[in-house]
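I opened my notebook to look into where the ligand sits and what lies around it. Here is what I looked up, entry by entry.

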Amino acid sequence: MHLQFILFMINLILFGPPGSGKGTQAERLKEHFNLLHISTGDLLRAEIANGTQLGLEAKKFMDAGNLVPDAVVIGMLGGAVEEAKTKGKQGIIFDGFPRTTAQAEALDNMLMEKGTSVSCVLSLVVDEEELTQRILKRGLTSGRSDDNDVETIRKRVQEYRTKTEPVAGYYNNQDLLIEIAGVGTIEHIFNALMQAVNNVASNHSDN
Ligand code: B4P
């Protein structure tokens with residue numbers, strides 16, 4: 001029982017199309033549940049800002065609205081569980097990862113090797129028109145080259161539909177997928193997410 005308590009981590013995945021609010025909500029959830037926040041988008045943008053070889057390679061894909069190859073993204077996450085433990089975190093919130101089934105399988109294996117697993121997948125549901133408007137609005141101030149052009153945004157949404165949406169099925173088969181309406185105030189959506197995580201955590205502690 002004691003061992004189970006020590007190993008128990010809350011590992012959340014924030015899932016959804018580009019602009020659905022994953023980054024926005026991850027900032028709040030990480031504070032509330034004391035989680036290590038891993039945003040593969042932020043990690044890639046940091047590589048670009050530092051002018052590394054990995055960043056130069058990733059930029060070509062990101063600017064075109066394409067996903068960065070799996071091997072590159074998976075390679076960035078190796079030390080996540082150790083980092084969470086060293087920093088005294090309750091678990092990890094993955095924001096924008098996994099985006100392909102290969103990434104989801106790699107994550108499952110990585111967590112299993114460390115004696116933990118995905119607690120739940122929170123999927124933010126937002127329609128395409130709203131996504132485009134949000135990203136274009138952010139593009140006015142973000143300086144992100146993938147936020148300014150409608151065609152690139154369409155390409156990102158298309159990549160999501162073909163490569164990322166199937167990941168929802170992967171987690172649904174494991175009974176881990178929870179859909180949350182992603183339109184409304186940021187606070188309202190945060191409350192719905194928080195409640196979903198609390199339900200999962202209390203079911204876990206009952207077992
Ligand atoms: P990401 O950085 O993950 O970004 P995102 O999908 O654009 O945004 P997110 O959903 O986090 O939206 P946000 O909260 O910011 O990816 C960028 C690129 O990196 C990808 O296209 C890909 O090339 C690459 N990449 C990243 N991870 C990868 C992986 N695992 N594999 C391969 N490639 C990868 O919200 C958007 C806007 O909406 C904000 O301005 C926000 O203020 C606003 N907003 C949020 N909630 C709102 C609400 N409720 N109402 C109104 N506005 C809201």
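**Entry 1: polar contacts.** How far does a backbone N or O atom of Val-68 lie from a nitrogen atom of the ligand? I keep in mind that this is a predicted model. I looked it up, and the distance for Val-68 is 3.1 Å. Next I checked Gly-96, where a polar backbone atom is 3.1 Å from a ligand nitrogen. Then I tried Gln-103, and here a polar side-chain atom comes into play, 3.0 Å from a nitrogen atom of the ligand.

**Entry 2: cover.** I wanted to know how much of the ligand gets wrapped up. On its own the ligand has 1000 Å² of accessible area, and the protein covers 87% of that.

**Entry 3: the shell.** I found 29 residues around the ligand. The closest ones are Thr-24, Thr-40, Asn-66, Arg-138 and Arg-156. Sorted by class, I get 10 nonpolar, 11 polar and 8 charged residues in this shell.

**Entry 4: the pocket.** Which space does the ligand take? My note says it is the largest pocket. Back to the shell for a moment: the elements that give two or more residues to it are α2 (22-33), α3 (40-49), α8 (128-142) and α10 (186-206). Of the elements, α3 gives the most to the shell, with 4 residues.

I then looked at the pocket itself, which has a volume of about 1000 Å³. It is lined by 47 residues, and closest to its centre are Gly-19, Lys-22, Arg-138, Arg-144 and Arg-156. I spotted Arg-138 and Arg-156 among the residues closest to the ligand, too. For the pocket lining, the elements with two or more residues are β1 (10-15), α2, β2 (35-39), α3, α8, α9 (150-172) and α10. By class, I wrote down 15 nonpolar, 18 polar and 14 charged residues for this lining.

**Entry 5: the cavity.** How many cavities of 30 Å³ or more turn up in a search of the whole structure? I got 1. The largest cavity holds about 30 Å³ of space. Its lining is made of Phe-8, Ile-10, Ser-119, Val-197, Val-200 and Ala-201. I noted that α10 gives the most to this lining, with 3 residues. By class the cavity lining has 5 nonpolar residues, 1 polar and no charged ones, whereas the pocket lining has 14 charged residues.

Note on methods: Residues are numbered from 1 along each chain as its sequence is written. This is a predicted model: local features need pLDDT of at least 70, side-chain atom pairs count only at pLDDT 80 or more; totals for chains, interfaces and linings use all residues. Side-chain values use heavy atoms; hydrogens and water are left out. A residue is near a molecule or strand if one of its heavy atoms lies within 4 Å of it. A polar contact is a pair of N or O atoms within 3.5 Å; within protein, one must be able to donate a hydrogen and the other to accept it, and residues adjacent in sequence count only if both atoms are side-chain atoms. Accessible areas come from the Shrake-Rupley method with a 1.4 Å probe; for residues, only the protein chains shown count as cover. On a 1 Å grid over the protein atoms alone, a cavity is a set of points where a 1.4 Å probe fits but cannot get out, and a pocket is an open set with protein on both sides within 12 Å along at least five of seven lines; lining residues have an atom within 4 Å of a point. A molecule sits in a cavity or pocket if more than half of its atoms lie within 2 Å of its grid points. Ala, Val, Leu, Ile, Met, Phe, Trp, Tyr, Cys and Pro count as nonpolar, Asp, Glu, Lys and Arg as charged, and the others, Gly among them, as polar. Grid points are joined across faces, edges and corners, and a volume is the space filled by probe spheres set on the points.
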